[in-house]
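Dear colleague,

Please find below the structure that I am handing over to you. My notes on it follow directly after.

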Amino acid sequence: RYPVRSHGYDKTLYCIHGVLELTFPQQKARLLLHAGDRVEIPTGVRYSAVVGPAGAQCAEGSSR
């Protein structure tokens, strides 16, 4: 589990293996990332993450 956080930059998250559940409390939305999925999280958007039961491997990128 990763607590709610935000970043001062745009973040791209790409799931390589496993499952990652992202929750966006301000938007009241939830997103499951599976292998091959990606999400772009804009600057300042708050989110939390829970790693799936078999784990997850992800790659991150950012732009400032």
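I begin with two aromatic residues: Phe-24 and Tyr-47 are both buried. Please keep in mind that the model is predicted.

By the rule applied here, the count of aromatic pairs comes to one. A pair of aromatic rings is described by the distance of the centres and the angle of the planes. The ring centres of Phe-24 and Tyr-47 lie 6.3 Å apart and the planes stand at 40°, so this pair is tilted, since stacked rings would need planes under 30 degrees apart and edge-to-face rings over 60. The pair links distant parts of the chain, as Phe-24 belongs to strand β2 and Tyr-47 to strand β5, 23 residues apart.

Both residues also belong to the largest nonpolar core, which has 11 residues in all, among them Leu-13, Leu-22, Ile-41 and Ala-49. At least two residues of this core come from each of β2 (10–24), β4 (38–41) and β5 (47–63). The strand that gives the most is β2, with five residues.

Ile-41 is a useful residue to look at next. Apart from its neighbours within four places in sequence, Ile-41 is in contact with Leu-22, Phe-24 and Tyr-47, as well as with Tyr-9, Asp-10 and Lys-11.

Finally, I turn to the pairing of strands. β2 and β5 run antiparallel and are joined by 12 bridges; here Leu-13 stands opposite Glu-60 in β5. Strand β1 (residues 2–5) also pairs with β5 in the antiparallel sense, over two bridges, and Tyr-2 stands opposite Ala-49 in β5.

Yours sincerely

Methods
Residues are numbered from 1 along each chain as its sequence is written. This is a predicted model: local features need pLDDT of at least 70, side-chain atom pairs count only at pLDDT 80 or more; totals for chains, interfaces and linings use all residues. Side-chain values use heavy atoms; hydrogens and water are left out. A nonpolar core is a set of buried Ala, Val, Leu, Ile, Met, Phe, Trp, Tyr and Cys residues joined through side-chain atoms within 4.5 Å. Buried means under 20% relative accessible area, exposed over 50%, partly exposed in between (1.4 Å probe, protein chains only). Helices (H or I, at least four residues) and strands (E, at least two) are DSSP runs, numbered from the N terminus. Contact means heavy atoms within 4.5 Å. Two strands pair if DSSP finds at least two bridges between them. Rings of Phe, Tyr and Trp (its six-membered ring) pair if their centres lie within 6.5 Å; planes under 30 degrees apart count as stacked, over 60 as edge-to-face and the rest as tilted.
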